[in-house]
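Thank you all for coming; I would like to take you through one model this morning, going slowly from the overall fold to the individual contacts. Please have the structure open in front of you as I talk.

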Amino acid sequence: MLLATLFPMGVASQSYDPSVSSRSDAPMVEVIELGLRRATTQSLLLAEALKDQQNLLPRTYEKGKVQTIRYDHWVSGFFPGLLWMLYENSGDDRLRRFAELYTKRVEPAKKLTNTHDLGFMLYCSFGQGFRLTANSHYLDVIREGTQSLLTRWNPKLGVIRSWDFGKQWQYPVIIDNMMNLEMLCFMTRQTTDSRYMKVAETHAKTTIRNHFRKDNSTFHVVSYDTLSGQPHAKNTAQGYADGSAWARGQAWGLYGYTMMYRETHNRIYLKQARKIAAFLMNHPRLPADGVPYWDYDAPDIPNAKRDASAAAIMASALIELSQLDKGKMAPKYLALAEKQLRTLSSPEYLAEEGEQGGFVLKHSVGHMPEKREVDVPLTYADYYYVEALMRLKKLL
């Protein structure tokens, strides 16, 4: 969720031809700057629009208006985190003030014990803020939120519970939960208390054993029998079918194990990240432009909806993996990430200034089976798109 190193504050970028992203020969640095400039313009527009709507944060843009949520929704931390990254890139004080404002709106989430998504909610917002400002209050919020997350830890099963609903599941754990482990790793670094890291590692290893198929794709939901400790159900909630490869879920897995290798240097996680990357990169139904269909097994491919959020998460993970993995695949990881960012920065996916209420990317899919958030902008797509651009900018 966070960049591993702190980039120096940049100055406002020079103006670039907005058509560069649609040219295959455009220098990558120009594509990056176009994306960051557009993200900045759009995010300031969205922040301004909601600044006086107390406690509200953006979720998507549907039916001609910005759809909002409060602190207790799993996506609440992404917009504040996006603002922090854009502030880091430009040094624009407007972005910092808005980042502080919207981060504060997420703070009540620190007391929630009914969700596993506290990493998304608090680490993407307060974590980014702490990284850039060293504000001790931000660290206190993360510390309290981490204790709330640990109420969902079951040492017998070796996993953190994801959901408290679903009659067919005793103890459901979703692949998305890998993304909440970074906050635990962070707490061990901050406090030298190894128990946080041990929980993260145990959850990650249990997930390797039970979530992945022989082809290295992942189930969305695995539910554990609370008596035997073994899985009793393997299903999907947001994918096409129990046995299908839901695109965003595959991206969560790739990102999560790449992050765990960065945090621990344990090669079991590098091995898993390589396997997931190979499954995705070699998949016959990955489109040539690098933006996946919402599910790799959707029955209406090639007419199935694309998911820009899955591409953004995947690109960010591949950029990091290309730097952590010293093997022969590293250049190929980076090449695919660059292709994905070129596509996402093209007119097909990148919103025009003032379009869709201030969101950055078009064409994401939230929950296809329930026909919710289909072919719309999503706040986490924007977050991981900007993170990927920032990571690549550092390399170039």
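**Hairpins, sheet and helix packing**

Let me begin at a single pair of residues, where Ser364 stands opposite Val376 in strand 9. Before I go further I should say that this is a predicted model, and I would ask you to keep that in mind throughout.

The pair I just named belongs to strand 8, residues 364-367, and strand 9, residues 372-376, which run antiparallel and are joined by three bridges. Another pairing here is that of Val365, whose bridge partner in strand 9 is Val374. The two strands form a hairpin with four residues between them, and in that turn Lys371 has a positive phi of about 55 degrees.

Stepping back for a moment, the protein's secondary structure comes to twelve helices and nine strands. How does the radius of gyration compare with that of a compact globule? For 396 residues a compact globule would have a radius of gyration near 21 Å, and the protein has 19 Å, which agrees. Taken along the principal axes, the box filled by the C-alpha atoms is roughly 60 × 50 × 45 Å.

Now to another hairpin, the one made by strand 1 and strand 2. Strand 1 covers residues 57-62 and strand 2 covers residues 65-69; they run antiparallel, and five bridges join them. Glu62 stands opposite Lys65 in strand 2, and two residues lie between the strands, with Lys63 taking a positive phi near 55 degrees. A positive phi is also found at Asn55, a residue other than glycine, where the value is near 75 degrees; Asn55 sits in the loop between helix 1, residues 28-50, and strand 1.

There is one more backbone feature that I would like you to look at, which is the peptide bond from Ile301 to Pro302: it is cis, with omega near 15 degrees. Pro302 is in the loop between helix 9, residues 267-281, and helix 10.

Let me turn to the sheet. Three strands form an open sheet in the order 5-6-7, with antiparallel pairing. Which strands are at the edges? They are strand 5, residues 172-174, and strand 7, residues 231-235, each of which pairs on one side only. From one strand to the next the twist averages 20 degrees. Strand 5 is joined to strand 6, residues 221-224, by three bridges, and Ile174 stands opposite Val221 in strand 6. Helix 7 lies across strand 5, strand 6 and strand 7, and it runs at about 105 degrees to strand 6.

Helix 7 brings us to the helix pairs. Two packed helices are described by the angle between their axes and the distance between the axes. Helix 5, residues 136-150, packs with helix 7, residues 195-211, at an angle of about 45 degrees, and their axes are 12 Å apart. That angle makes helix 5 oblique to helix 7, and the crossing is left-handed. On the helix 5 side Thr146, Gln147 and Leu150 meet Arg195, Tyr196 and Val199 of helix 7, and these contact residues divide into three nonpolar, two polar and one charged.

The next pair is helix 2, residues 78-90, and helix 12, residues 379-395, which pack at about 25 degrees with their axes 9 Å apart. Because angles under 35 degrees count as roughly parallel, helix 2 and helix 12 are roughly parallel to each other. Their crossing is left-handed. Among the residues in contact are Phe78, Phe79 and Leu82 of helix 2, together with Tyr380, Tyr383 and Met390 of helix 12. By class, the contact divides into ten nonpolar, three polar and four charged residues.

The last pair is helix 10, residues 308-324, with helix 11, residues 330-344, whose axes come within 8 Å and cross at roughly 145 degrees. The crossing is left-handed here as well. The contact includes Ala308, Ala311, Leu318 and Ile319 from helix 10, and Tyr333, Leu334, Ala337 and Leu341 from helix 11. How many charged residues does this contact have? It has no charged residues, with 15 nonpolar and two polar.

I will stop there, and I am happy to go back to any of these contacts.

Conventions:
Residues are numbered from 1 along each chain as its sequence is written. This is a predicted model: local features need pLDDT of at least 70, side-chain atom pairs count only at pLDDT 80 or more; totals for chains, interfaces and linings use all residues. Side-chain values use heavy atoms; hydrogens and water are left out. Axes are lines fitted to C-alpha atoms, for helices over the stretch in contact, and angles run from 0 to 180 degrees between N-to-C directions. Angles under 35 degrees count as roughly parallel, over 145 as roughly antiparallel, 65 to 115 as roughly perpendicular and the rest as oblique. A crossing is left-handed if the near helix is turned anticlockwise from the far one by less than a right angle, and right-handed if clockwise. Contact means heavy atoms within 4.5 Å. Ala, Val, Leu, Ile, Met, Phe, Trp, Tyr, Cys and Pro count as nonpolar, Asp, Glu, Lys and Arg as charged, and the others, Gly among them, as polar. Two strands pair if DSSP finds at least two bridges between them. The radius of gyration is taken over C-alpha atoms; the globule rule is 2.2 Å times the number of residues to the power 0.38.
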